[in-house]
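Colleague: I would love a close look at one part of this model. Could you take me through it slowly?

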Amino acid sequence: MSETTVSGASGMTVATAFAGMRGVAPVVFRAGCPDCRGRFELAASALRLAIGASHRTTFYSFTCPDCGASVRKPAGERIVELLTDGGVRTLRLHSTV
């Protein structure tokens, strides 16, 4: 089996280029529940982001791990950026106009 070389790097193999790399730590987000007042960290997979046509229809949601309540909170531009960069699953809402 031949070794693949990295484009633009004279003679460097893929194995050499990635040698010593470690796994990436999973992204976690701090959140709070308005019902039970619990504070916790959630993995990206525990959150959902819905992006609507306006700030009123853009929000993120999750289920509180402490009390089981469904939580929905508004998401401004910065929150949308952080959640999408962190790998949170996103749903784009379309207007029916």
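How many bridges join strand 1 to strand 2, and do they run parallel or antiparallel?

Modeller: Happy to! Keep in mind that this is a predicted model. Strand 1 and strand 2 run antiparallel, and 5 bridges join them. One of the paired positions is A31, whose bridge partner in strand 2 is F40. The two strands form a hairpin with 6 residues between them, and there R37 takes a positive phi near 65°.

Now follow the side chains along strand 2. In a regular strand, side chains alternate between the two faces of the sheet. Here F40 and L42 point to one face and are buried, whereas R39, E41 and A43 point to the other face and are not buried.

F40 also leads us to the largest nonpolar core, which has 18 residues. F40 is among the members that touch the most others, together with L47, L49, Y60, F62, L83 and V88. Strand 1 (28-32) and strand 2 (39-43) each supply at least two residues of this core, as do strand 3 (48-51), strand 4 (59-63) and helix 2 (77-85).

Let us see how those other suppliers are arranged. Strand 3 and strand 4 run antiparallel and are joined by 3 bridges; in strand 4, S61 is the bridge partner of R48. Helix 2 lies across strand 3, strand 4 and strand 6, at about 130° to strand 3. Beyond its neighbours within four places in sequence, Y60 is in contact with residues including L47, L49, I79 and L83.

Conventions
Residues numbered from 1 in each chain as written. Predicted model: local features only at pLDDT ≥ 70, side-chain atom pairs only at ≥ 80, totals over all residues. Heavy atoms only, no water. Core = buried A, V, L, I, M, F, W, Y, C linked by side-chain atoms within 4.5 Å. Buried < 20%, exposed > 50% of the residue type's maximum accessible area, 1.4 Å probe, protein only. Helix = DSSP H or I, 4+ residues; strand = E, 2+ residues; numbered from the N terminus. Contact = heavy atoms within 4.5 Å. Pairing = 2+ DSSP bridges. Axes fitted to C-alpha atoms, helices over the stretch in contact; angles between N-to-C directions.
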